[in-house]
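Good morning, colleagues. Please look at the sequence and the structure on the screen while I go through a few of its features.

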Amino acid sequence: MSALYGTYARSPLAFERGEGVRLISQDGTRYLDFHAGIAVNALGHSDPHLVKTMKEAAEKVWHVSNVFTIPEGERLAQRLCDATFADSVFFTNSGAEAIECAIKTARHYFWARGEKDRYEIIAFTGSFHGRTLATIAAAGNPSYTEGFGPPLEGFVHLKPGDLKAVEAAITAKTCAILIEPVQGEGGVTAMSAEYMRGLRALCDKHGMLLILDEVQCGYGRTGKFFAHEWAGIEPDIMAVAKGIGGGFPLGACLAKGEVAKSMVPGTHGSTYGGNPLACTIGNAVLDRIMEPGFIEHVDKMGQLLAWHLQQLQQRYPQYVVELRGKGLLAGIKLTDAVVAREFVARLRDDHQMLTQGAGDNVLRLLPPLIVTEPDIEEAVDKLGAAFAALDAETAKEHVTA
Ligand SMILES: *Cc1c(COP(=O)(O)O)cnc(C)c1O
C-alpha cells in the first residue's frame, strides 16, 4: 500500500534515468518519451546545459525571500518581457498559481479603477486551468468541481468557437476572457486564428482583458514561442508554466504594464515563487529555447509529425477519427473501438512508448521539443505496430466467435 494520496491512477513503472527523449526504468528498459512529464521536459532529460547550471547553482543561494532583490528573477523577467507582449512578470511554482495570479490581476485592475463590480470572466468548456479552488471554478468542468463546496463565483462558461455567443454573454460585470489557445487536457483542440483574433477584437471593443492560458501550449511547443503568435495577436495577461522550468517547478504570470500596475505591495505573494534556484534554471531553459533555430526546429518537427500521423490515419481509419492540435502538442481522436487510456497503457507496456490521454478519447503526443526526425519515425512505427496489434486481436476474436 502506498502512503501517498490515491489521487492518481499510477502505473507501477518507475524511472531511474533519462537521456534526451529516452527514459530508462529501474529494470533498465528504455522508453521513448512522447509524454515529457505532460509538456514539462521541453529539453528532454539530462540536458547538459541544465545539468551544469543546476550543479553550479547548488553551491550558491537556493532561496531567499521575495523581500530581497533576486537578480536571477530580475533577469528572467526582463528576458521574458523582451521576447513577448509583457512588461511585468510574477513568478509562481505551478501553472494553477500562474492562473490564480492572472485572475487576481484582471479583477484588481478594474477594482483599482473604481469598477468594483466588474469581476466576471468568460471561460470555456473543455478547458483546464489547474486544480486549485479558483482554477477548477474557472474551467467549470463538473467532474473537477463536484464535491468541493460552492465553486468560486464569477465565471461564465461557453462552448469555444462561437464569437456571437461570446459577445452575447458580455455584461457590465465582464472583465476578461480566459482561454487556452490550444486546449490540452480537454482534448487537444486548437482554436482557429480567426477565433483568437475575434476574441481580441471583442476585448478591445468592450474594454476587457484577454487572458491566455499558455501553460501547456506555450514555450515553443506549437512551433512559435507562444501559441497566440499564430493568430498575430497579443493578450493582456498570460499564464505560463510547464516547459518554462524544464522540470523544475516554475510558473509565471505575464502582463502588460498598465494591467499589472495595480498589483502593489500586499496584493499578492508567494514564498517560493521565483526564488534564485528556480530562476537560475528558468534562465538556463530560456538560453536553450532562444538558441537560433530552436523554435524553427519545433515547427519543422511538428509538421513532420502531422504528416506521419496523416499517413497513419489513412492506414487505420477504423481507429483514428481525426488529428488535432498544433506543433508538438498533437492529438489523435480515437474511434469507439479503442479507449485512449487503454491505448496509452498498450503503448507503454507493449511498445515502450510513453504518451498521455486527454478528454474526448484523445491520445496526446507531447515529445520533448528536442525530438528528432528518427525519433518521430520510431514513434510512428510504434503507433502503427500498436494499431496493427489491435487489428490482429480483432481478427482473432472474429475467428473464435
Ligand atoms: C497543466 C496545466 C495547468 C495547471 O498547471 P499545474 O502546474 O498543474 O498547476 C493549467 N493550465 C493548463 C492549460 C495546463 O495544461
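How far does a backbone N or O atom of phenylalanine 128 lie from a nitrogen atom of the ligand, and what is the value? It lies 3.2 Å away, which is a polar contact, a pair of N or O atoms within 3.5 Å. Before going on, I should say that this is a predicted model, in which local features need pLDDT of at least 70 and side-chain atom pairs count only at pLDDT 80 or more, while totals for chains, interfaces and linings use all residues. Residues are numbered from 1 along each chain as its sequence is written, and side-chain values use heavy atoms, with hydrogens and water left out.

Two further backbone contacts involve oxygen of the ligand: a polar backbone atom of glycine 95 is 2.8 Å from a ligand oxygen atom, and for alanine 96 the distance is also 2.8 Å. Among the residues surrounding the ligand, with a heavy atom within 4 Å of it, are His129, Glu180, Asp213 and Lys242.

Aspartate 213 also leads us to the sheet, where it stands opposite alanine 239 in E11. Strands here are DSSP runs of at least two residues, and helices of at least four, numbered from the N terminus. Seven strands form an open sheet of mixed pairing, in the order E4-E12-E11-E10-E7-E5-E6; two strands pair if DSSP finds at least two bridges between them. The edge strands, E4 and E6, each pair on one side only. E10 and E11 run parallel and are joined by three bridges.

Finally, helix H8 covers residues 193-206, and glycine 207, just after H8, has a positive phi of about 65°.

Key: The expected span of a helix is 1.5 Å times one less than its number of residues. A polar contact is a pair of N or O atoms within 3.5 Å; within protein, one must be able to donate a hydrogen and the other to accept it, and residues adjacent in sequence count only if both atoms are side-chain atoms.
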